[in-house]
There are 2 protein chains.
Amino acid sequence: MKNSIDQLPARQQQALKTRQKLLQAGKEVFLEKGFQKATISQVIKKAKTGYGTAYVYFKNKDELFITLMEDLMNQFYEVAEMPFKPQAKEEAYENIKKQVRLFLQLAMDERDMMKVVKEAIGVSPEIEEKWYGIRERFIERISVDIRYAQAQRLAKENLDPALTARGWFYSNEMFMWELVMNQEKYQINDVIVNLTRMYTGGLYE
Amino acid sequence: MKNSIDQLPARQQQALKTRQKLLQAGKEVFLEKGFQKATISQVIKKAKTGYGTAYVYFKNKDELFITLMEDLMNQFYEVAEMPFKPQAKEEAYENIKKQVRLFLQLAMDERDMMKVVKEAIGVSPEIEEKWYGIRERFIERISVDIRYAQAQRLAKENLDPALTARGWFYSNEMFMWELVMNQEKYQINDVIVNLTRMYTGGLYE
DNA sequence: TGTTTGATTGACACTATGTCAATGATATAA
DNA sequence: TTATATCATTGACATAGTGTCAATCAAACA
């Protein structure tokens, strides 16, 4: 149990605690005010620290938010890495549906936070970059899956894996944001079924 | 020729001219600095007017930018309203390809401005709203097209027109932004062909 | 106990916004 | 022609946020 928090020197303990207070207060303020309207003053007030203290632990508002996002983003990375080795078209269809559901469900489980994330992506280049990392990870992974399906003669070979993966993820991502911002508008299941049908079979007879 | 600019009272002429100077200066500043880093001070300096003058003609930076966007947005509306009455699957495929090309081409022709638009969408709820208007117009129009194709027995009837239209537009939109931000990464033709193939025929055999 | 180290702090300099009372120039009326 | 009304123009001001830093305070150490 070396390095357990409660046997650190009291000074470092205190510092850790201050940092935690700032993170907790930050989360509350971001959820309440949104990203743009949240200010450092509101955070330090809620955390009961001095103004300068926030800047000791975080370079600025963006960095504070990125730290708060990290957990959530790691969960997305996990979904992106799901294995995919279908032996038949039907199995592929089911696998795909399952991954779409996990992706959308994760976003909906963290809906309040995801709303703030969306706002933050638009405002802060650093946070946008973080999200692009997730996106590219998904697309890379889906590309691999498509190449695998093509090798198995399940998928059409005249489609470019990278472009197809990208287009497919874009639809998923945008529906995700739509559901996050506008839960009531669509049934999550309808979205999944329609997306997957489109992807696997196309629109035309 | 009633109301032609040069027979208005000199005072109104002057006012019009001031407004134009602000718009021109605004465009230059936005293109040079981007949306967030553009300031009213930079604009009025370039327009050679007093600080307060900008606020006489525009409520704030957002309104000034929206005025500058208007032309461009109307061009998108025109693309959205393109007619679509295919008699056969091949004709549908060609029609769709044509519309995708117009959409992407318009964005690329106004690439510098579209970069700023993208940034502005993320920062300003009013501007985001404007873009959502365009998006919904496209989706509405595509939904109609899909229903038409379904009625003609060209398109699969087990797909929901509204959801399918939305998913399809999302792919197009996101590729558009990708091309705008990152021209060199993809060949515009490859994108069009792959998107259209996916949409009409799906990924799986 | 005295000294060093590092956590904490708020005042400060800076940058931007949006408002408004004053100014100046044009149109109108006498 | 002159007086007056109208309205475009203006920059100083109040406000609100950011990020920095020299000073302070308390724990660790010698």
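Me: Is B:Val144 buried, partly exposed or exposed?
Reply: B:Val144 counts as partly exposed, because its relative accessibility is 37%, and buried would require a value under 20% while exposed would require one over 50%. Please note that this is a predicted model.

Me: Which helix is B:Val144 found in?
Reply: B:Val144 belongs to helix H7 of chain B, which covers residues 125-151.

Me: And how far is B:Val144 from B:Tyr186?
Reply: Their C-alpha atoms are separated by 30 Å, and the two residues are 42 positions apart along the chain.

Me: Let's turn to the DNA. Which residues come nearest to strand C?
Reply: Of the 18 residues around DNA strand C, the nearest are A:Thr18, A:Gly50, A:Thr53, A:Tyr57 and B:Ala10.

Me: What part of strand C do the atoms within 4 Å of the protein belong to?
Reply: Sugar or phosphate accounts for 57% of those atoms of DNA strand C, and bases account for the rest.

Me: Which polar contacts involve the bases of strand C?
Reply: Two can be named. A polar atom in the side chain of A:Arg11 lies 2.8 Å from a base oxygen of DNA strand C. A:Gly52 uses its backbone instead, with an N or O atom 3.2 Å from a base nitrogen of that strand.

Me: What about a phosphate oxygen of strand C?
Reply: One phosphate oxygen of DNA strand C is 3.5 Å from a polar backbone atom of B:Ile40. As for the elements that give two or more residues to the surface near this strand, they are helices H1 (10-33) and H3 (51-57) of chain A, together with helices H1 (10-33) and H3 (51-57) of chain B.

Me: Which element gives the most there?
Reply: H3(A) gives the most to the surface near DNA strand C, with five residues. By class, the residues of that surface divide into eight nonpolar, eight polar and two charged.

Me: Now strand D. Which residues come nearest to it?
Reply: B:Arg11, B:Thr18, B:Gly50, B:Thr53 and B:Tyr57 come nearest, out of the 18 residues around DNA strand D. Of the atoms of DNA strand D that come within 4 Å of the protein, 56% are sugar and phosphate.

Me: Where do polar contacts with strand D occur?
Reply: On chain A, a polar side-chain atom of A:Tyr51 is 3.2 Å from a base nitrogen of DNA strand D. The side chain of A:Tyr55 has an N or O atom 2.8 Å from a phosphate oxygen of that strand. On chain B, a polar backbone atom of B:Gly52 lies 3.1 Å from a base nitrogen of DNA strand D.

Me: Which element contributes most to the surface near strand D?
Reply: H3(B) does, with five residues. H1 and H3 of chain A, and H1 and H3 of chain B, each supply at least two residues of this surface.

Me: Changing topic, what are the domains of chain A?
Reply: The domain assignment gives domain 1 (5-58) and domain 2 (63-201). Their centres, taken over C-alpha atoms, are 32 Å apart. Between them, 12 residues of domain 1 of chain A are in contact with 13 residues of domain 2 of chain A.

Me: Last topic: which residues touch the most other members of the largest nonpolar core?
Reply: That core has 138 residues, and A:Phe65, A:Phe76, A:Met114, B:Phe65, B:Phe76 and B:Met114 touch the most other members. Leaving aside residues up to four places away in sequence, B:Phe65 touches several residues, including B:Phe30, B:Phe35, B:Met113 and B:Ile127.

Conventions
Residues are numbered from 1 along each chain as its sequence is written. Chains are lettered from A and ligands numbered from 1 in the order in which they are written. This is a predicted model: local features need pLDDT of at least 70, side-chain atom pairs count only at pLDDT 80 or more; totals for chains, interfaces and linings use all residues. Side-chain values use heavy atoms; hydrogens and water are left out. A nonpolar core is a set of buried Ala, Val, Leu, Ile, Met, Phe, Trp, Tyr and Cys residues joined through side-chain atoms within 4.5 Å. Buried means under 20% relative accessible area, exposed over 50%, partly exposed in between (1.4 Å probe, protein chains only). Contact means heavy atoms within 4.5 Å. A residue is near a molecule or strand if one of its heavy atoms lies within 4 Å of it. A polar contact is a pair of N or O atoms within 3.5 Å; within protein, one must be able to donate a hydrogen and the other to accept it, and residues adjacent in sequence count only if both atoms are side-chain atoms. Helices (H or I, at least four residues) and strands (E, at least two) are DSSP runs, numbered from the N terminus. Ala, Val, Leu, Ile, Met, Phe, Trp, Tyr, Cys and Pro count as nonpolar, Asp, Glu, Lys and Arg as charged, and the others, Gly among them, as polar. Domain bounds come from an automatic or database domain assignment.
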